[in-house]
Amino acid sequence: MPVSTSHEIQGNPAGPGGPGGRGAGGGRGAGLGLALVSAFAFGGSGVAAKPLIEAGLDPLHVVWLRIAGAALIMLPLAWRHRALVVRRPALLAGFGLLAVAGVQTCYFVAISRIPVGVALLIEYLGPALVLGWIRFVQRRPVTRAAAIGVVLAVGGLACVVEVWAGMRFDALGVLLGLGAAVCQAGYFILGDHGSDAGEEAPNPLGVISYGLLIGAVVLTVVARPWTMDWSVLSGQADMNGTSVPGLLLLGWIVLIATVLAYGAGVMAVRRLSPQVAGVVSCLEAVVATVFAWIMLGEHLSAPQVVGGTMVLVGAFIAQSSTPAKPTPDPVAGGMPDKEGELSPSRSSA
């Protein structure tokens with residue numbers, strides 16, 4: 001899947017970035033604003049979901065409630081953009097399976113086994129994985145700074161899970177966090193898919209609507225919601241000593257942490273790029289960790305704070321190091337590498 005990640009849309013004055021293409025003028029400012037809204041909205045999902053899980057709901061049931069509720073709200077938009085089912089079936093299926101069902105299932109099951117902040121810091125290897133996609137799948141060169149960022153993020157992950165303590169955290173929880181990272185990379189890549197197609201670009205809200213519908217169908221089979229303890233929603237859940245209505249937590253998860261978060265996030269990717277949106281989205285990990293610290297009493301050790309900082313800095317460096325622009329007209333033998341790029345050596349004809 002070609003992903004436009006380092007160049008503005010050409011010949012499309014009305015493209016996703018507004019007049020002048022992606023990232024031009026007010027379009028870029030609006031994109032940054034949407035990315036910030038998405039980061040804060042996504043960041044609050046874990047602290048709202050964990051009390052429901054601890055009150056007796058299975059993590060998969062919480063995920064199903066989240067996705068099915070959001071899909072129901074977005075149903076009118078799905079009908080409006082029903083042509084996407086014929087035009088972009090693979091994109092809709094991939095977004096539903098990876099960016100919706102996959103990332104949410106892995107993350108919510110992970111936070112049932114390890115702290116919210118740790119799960120999200122592991123998940124934020126996802127933006128660095130986007131660079132792996134660009135380098136090894138698209139076969140485009142990336143900069144040394146990007147490679148350093150990835151190494152820094154992986155080193156930070158080792159500190160977050162405290163590998164020197166013999167994997168103190170639940171191993172399955174860590175693996176699920178890594179699964180969420182892979183699916184999150186798919187979210188950024190698929191969210192940008194087709195953004196350089198001008199008027200033929202798939203509507204982002206339509207993609208989200210069908211992604212939620214597909215995710216809800218898949219999760220209905222996996223989670224079996226008919227076995228859920230529905231009484232938890234009508235009762236109270238404990239949030240670090242404070243009783244909170246279950247329905248209030250569910251409303252936050254569905255409306256803010258899903259509908260608003262996905263909508264703002266995909267529209268931000270369209271106006272910016274997966275790299276830039278990934279940089280801003282790193283704030284989600286900070287927001288979630290702070291929320292978990294304040295609202296759930298989940299404190300991180302000093303090495304984990306240092307490791308989390310390394311993950312975020314590494315993701316920032318990796319994502320802000322724009323890959324080299326592809327040549328407009330491919331030629332045999334290619335173009336000489338720019339200084340500082342990691343790419344196979346080439347000789348000029």
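Reader: How do H10 and H12 lie to each other, oblique or roughly parallel?
Author: H10 and H12 pack at about 135°, so they are oblique to each other (outside under 35, over 145 and 65 to 115 degrees). This is a predicted model, where local features need pLDDT of at least 70, side-chain atom pairs pLDDT 80 or more, and totals for chains, interfaces and linings use all residues. Numbering starts from 1 along each chain, and side-chain values use heavy atoms, without hydrogens or water.

Reader: How far apart are the axes of H10 and H12?
Author: The axes of H10 and H12 (residues 246-271) are 9 Å apart. Axes are lines fitted to C-alpha atoms over the stretch in contact, with angles from 0 to 180 degrees between N-to-C directions; helices are DSSP runs (H or I) of at least four residues, numbered from the N terminus.

Reader: Which residues meet there?
Author: Pro204, Leu205, Val207, Ile208 and Leu212 of H10 meet Thr258, Tyr262, Gly263, Val266, Met267 and Arg270 of H12, with contact meaning heavy atoms within 4.5 Å.

Reader: Change of topic. How many cavities of 30 Å³ or more are there?
Author: The search of the whole structure gives 1. A cavity is a set of points on a 1 Å grid over the protein atoms alone where a 1.4 Å probe fits but cannot get out; lining residues have an atom within 4 Å of a point.

Reader: What is closest to the centre of the largest cavity?
Author: Phe42, Tyr124, Gln184, Tyr187 and Glu284, out of 21 lining residues.

Reader: And which helices supply at least two residues of the lining?
Author: H1 (25-43), H5 (89-111), H9 (171-192), H12 and H13 (274-296) each do.

Notes
On a 1 Å grid over the protein atoms alone, a cavity is a set of points where a 1.4 Å probe fits but cannot get out, and a pocket is an open set with protein on both sides within 12 Å along at least five of seven lines; lining residues have an atom within 4 Å of a point. Grid points are joined across faces, edges and corners, and a volume is the space filled by probe spheres set on the points.
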